[in-house]
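Subject: Structure handover

Hello,

Here is the structure you asked about. Please open it alongside this email and follow along.

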Amino acid sequence: MGEAAFFVWDPNTLSVHVDSMDGEHQKLIKMMNGLHERHVAGDADRAELARLLDEFAAFVVEHFTHEERYMASIDYPDLGKHKKVHENLLERFATMRQEFDAGDGTLPDSLFQFLKFWLSAHIRGVDAKYGHHAPVR
Ligand SMILES: [Fe+2]
Ligand SMILES: [Fe+2]
């Protein structure tokens, strides 16, 4: 501890201006930072890393469900496209999860680069668009 978090939430670039979704994005980032911290510490065993990966994945699924429900509630026209992007991300994550099971019980740095890029690019690119479509609050 004492080190800067792997990925810091920045409202200026990462807010989608929908409070509930901002809250879930912050939780995703926090969970990813927690996993990264245990990875860097170097003393986490396979079972612990697997548990953290699965908790993260479960919350990603929950978040996507909430987000898709929200988009439907505001009649967001690109919901179908956005759902496909979510499906694709889950497939890529599932592949990485399988690679972890087949591997030596450690996580590759590439996994964290992927997660960081994925969270940042998806929130700023795809998620921000429904924020623009959201009714004025
Ligand atoms: Fe999304
Ligand atoms: Fe999102």
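Start in a loop. Asp75 sits between H3 and H4. Its backbone is worth a look: phi of Asp75 is positive, about 50 degrees, although Asp75 is not a glycine. Is Asp75 buried or exposed? Asp75 has a relative accessible area of 63%, so it is exposed. Keep in mind throughout that this is a predicted model.

There is another residue of this kind. His17 is not a glycine either, and its phi is positive, near 65 degrees. Look for His17 in the loop between helix H1 (11-14) and H2.

**The iron ions**

Now go to the metals. The iron ion (ligand 1) and the iron ion (ligand 2) lie 3.5 Å apart. Which residue coordinates both? Glu67 does.

Take ligand 2 to begin with. Four residues coordinate this iron ion: His25 and His63 through NE2, Glu67 through OE, and Asp127 through OD. The distance is 2.2 Å. What is the geometry of the site of the iron ion (ligand 2)? The angles among the four donor atoms run from 84 to 170 degrees, and the site is irregular. For reference, ideal angles for four tetrahedral donors are 109.5 degrees. Along the sequence, the donor residues of the iron ion (ligand 2) follow the pattern H-x37-H-x3-E-x59-D. Glu67 lies in helix H3 (residues 46-73) and Asp127 lies in helix H5 (residues 109-133), so this pair ties together parts that are 60 residues apart in sequence. Glu67 and Asp127 are both buried.

Now ligand 1. The protein donors of this iron ion are Glu67 (OE), His82 (NE2), His86 (NE2), His122 (NE2) and Asp127 (OD). They lie 2.0 to 2.2 Å from the ion. Their spacing along the chain is E-x14-H-x3-H-x35-H-x4-D. Where do His82 and His86 lie? Both are in helix H4 (residues 79-102). They are four residues apart there, so about one helical turn separates them. His82 and His86 are buried too.

**How the helices pack**

Next, the helices. Two packed helices are described by the angle between their axes and the distance between the axes. Here are three pairs.

H2 and H3: helix H2 (residues 19-41) packs against H3 at an angle of about 165 degrees. Their axes are 10 Å apart. The angle is over 145 degrees, so H2 is roughly antiparallel to H3. The crossing of H2 and H3 is left-handed. Residues of H2 at this contact include His25, Leu28, Met31 and Leu35. Among those they meet in H3 are Leu52, Phe56, Phe59, His63 and Glu67.

H3 and H5: here the angle is about 10 degrees, and the axes are 13 Å apart. H3 is therefore roughly parallel to H5. From H3, the contact includes Leu53, Phe56, His63 and Glu67. From H5, it includes Leu115, Trp118, His122 and Asp127.

H2 and H5: this pair packs at about 175 degrees, with axes 11 Å apart. So H2 is roughly antiparallel to H5. The contact includes His25, Leu28, Met32 and His36 of H2. On the H5 side, Phe112, Leu119, Ile123 and Asp127 are among the residues in contact.

Notice the overlap with the metal sites. His25 is a donor to the iron ion (ligand 2), and His25 is also part of the contact between H2 and H5. Asp127 is a donor to the iron ion (ligand 1), and Asp127 is also part of the contact between H3 and H5.

**Two single residues**

Met31 lies in helix H2. Its relative accessible area is 24%, so Met31 is partly exposed. Which residues does Met31 touch, leaving aside its neighbours within four places in sequence? Glu55, Phe56 and Phe59. Met31 and Phe59 are 28 residues apart along the chain, yet their C-alpha atoms are separated by 9.1 Å.

Ala121 lies in helix H5. Its relative accessibility is 34%, so Ala121 counts as partly exposed. Ala121 and Ser110 are eleven residues apart in sequence. Their C-alpha atoms are 16 Å apart in space.

Best wishes

Note on methods:
Residues are numbered from 1 along each chain as its sequence is written. Chains are lettered from A and ligands numbered from 1 in the order in which they are written. This is a predicted model: local features need pLDDT of at least 70, side-chain atom pairs count only at pLDDT 80 or more; totals for chains, interfaces and linings use all residues. Side-chain values use heavy atoms; hydrogens and water are left out. Donors are N, O and S atoms within 2.8 Å of the metal (3.2 Å for Na, K and Ca); water is not among the atoms, so sites may look incomplete. Four donors count as tetrahedral if all angles lie between 85 and 135 degrees; four count as square planar and six as octahedral if opposite donors are over 155 degrees apart and all others between 65 and 115; anything else is irregular. Helices (H or I, at least four residues) and strands (E, at least two) are DSSP runs, numbered from the N terminus. Buried means under 20% relative accessible area, exposed over 50%, partly exposed in between (1.4 Å probe, protein chains only). Axes are lines fitted to C-alpha atoms, for helices over the stretch in contact, and angles run from 0 to 180 degrees between N-to-C directions. Angles under 35 degrees count as roughly parallel, over 145 as roughly antiparallel, 65 to 115 as roughly perpendicular and the rest as oblique. A crossing is left-handed if the near helix is turned anticlockwise from the far one by less than a right angle, and right-handed if clockwise. Contact means heavy atoms within 4.5 Å.
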